[in-house]
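This report goes through one protein structure for a reader who has not seen it before. Please keep the sequence and the model at hand while reading.

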Amino acid sequence: MTTSRKLVAGNWKMNLLREEALALTAEIKGMMTTDVSSACQIILFPPFVHLTSIVQLCSDNTRIAVGAQDCSEFSFGAYTGQVSAEMIKSCGATHVLIGHSERRALCAESNEMVRMKIQQALKSGLTPVLCIGESLAQRENGLAFSTVNHQLEEGLFSLPATDVAKVIIAYEPVWAIGTGLSATPEQAQEMHAYIRGQIAKHIGDKAAAFSSILYGGSCTPENAPSLFSKPDIDGGLIGGASLKSRPFIDIVKAIG
Ligand code: PGA
């Protein structure tokens, strides 16, 4: 992949059987050639069991990266059902989602676990995509910025600056995920600028200017152009709309 900040990622969550996943990948691959300008980069995040096949399918396309939706906070051992960062890397994947709000809520992932997972990912040579974002109650109580800052402080900023610089951030307000209620471009830009400012405090303005900060939460082909036109929104992490090639590619096209 290039070092451009701009990218769109598809988080397939626990969807798509093997044949469906392969068919969707083949469609996306074709459309990346026919429909999308050569500068655009994407990352696909399929379920673990499809990783190797999709890596193979995309191996001849340098604009499509493949990642896992989670990794263990441990290197190896008696952790039934878990998958290590090194295993993911050995399948040919290059990225890993860490701290998605569904894992924080359903699997009780703490910021401490998130930090350990980021360390495992970096140690294995994977690029972590760290998901952060506030709940509706936190936003309504004026706690959106302090919540996001707390997630960054505990989950990321105790790592060395050189590591922080390697992490992609996905700002995903929990109230916008899967609800059809996206943040407005102004709300998202305000938070993205804040996040970039916090990163700058830790790694400097110049390095922070290279950090990719993606928006996630009910992103669609309709709202993507106005979201991506904001200066600190570098692309999107797409859930529901990434499960079909046409809407996903239309969102990719919105990054220009
Ligand atoms: P959504 O999911 O686009 O379906 O809201 C985004 C995500 O959870 O990453």
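In this predicted model, the buried residues of helix α5 are N111, V114, R115, K117, I118, Q120, A121 and L122. Their cover includes the helices α3 (85-90), α4 (101-106), α7 (144-155) and α8 (161-164), together with the strands β4 (95-98) and β5 (127-132). Helix α5 itself runs over residues 111-123, 13 residues in total. From first C-alpha to last, α5 reaches 18 Å, close to the 18 Å expected at 1.5 Å a residue. Just after α5, G125 has a positive phi of about 85 degrees.

How many disulfides does a search of the whole structure find? The search gives 0. C131 is in no disulfide, and the nearest cysteine sulfur to it belongs to C71. For C219, the closest cysteine sulfur is that of C40, too far for a bond. The table lists the values for C131 and C219.

| Cysteine | Nearest cysteine sulfur | Relative accessible area |
|---|---|---|
| C131 | C71, 12 Å | 1%, buried |
| C219 | C40, 14 Å | 5%, buried |

The protein chain as a whole comes to 12 helices and 8 strands. Its C-alpha atoms fill a box of roughly 45 × 45 × 35 Å along the principal axes. The radius of gyration is 17 Å, which agrees with the value near 18 Å for a compact globule of 256 residues. Of these 256 residues, 54% count as buried. Among contacts with a separation of 6 or more, 71% join residues 24 or more positions apart. The chain exposes about 11,000 Å², and carbon and sulfur atoms supply 58% of that area.

Technical notes:
Residues numbered from 1 in each chain as written. Predicted model: local features only at pLDDT ≥ 70, side-chain atom pairs only at ≥ 80, totals over all residues. Heavy atoms only, no water. Helix = DSSP H or I, 4+ residues; strand = E, 2+ residues; numbered from the N terminus. Expected span 1.5 Å × (residues − 1). Buried < 20%, exposed > 50% of the residue type's maximum accessible area, 1.4 Å probe, protein only. Contact = heavy atoms within 4.5 Å. Disulfide = S-S within 2.5 Å. Rg over C-alpha atoms; globule rule 2.2 N^0.38 Å. Areas by Shrake-Rupley, 256 points an atom, 1.4 Å probe, with all protein chains shown as cover.
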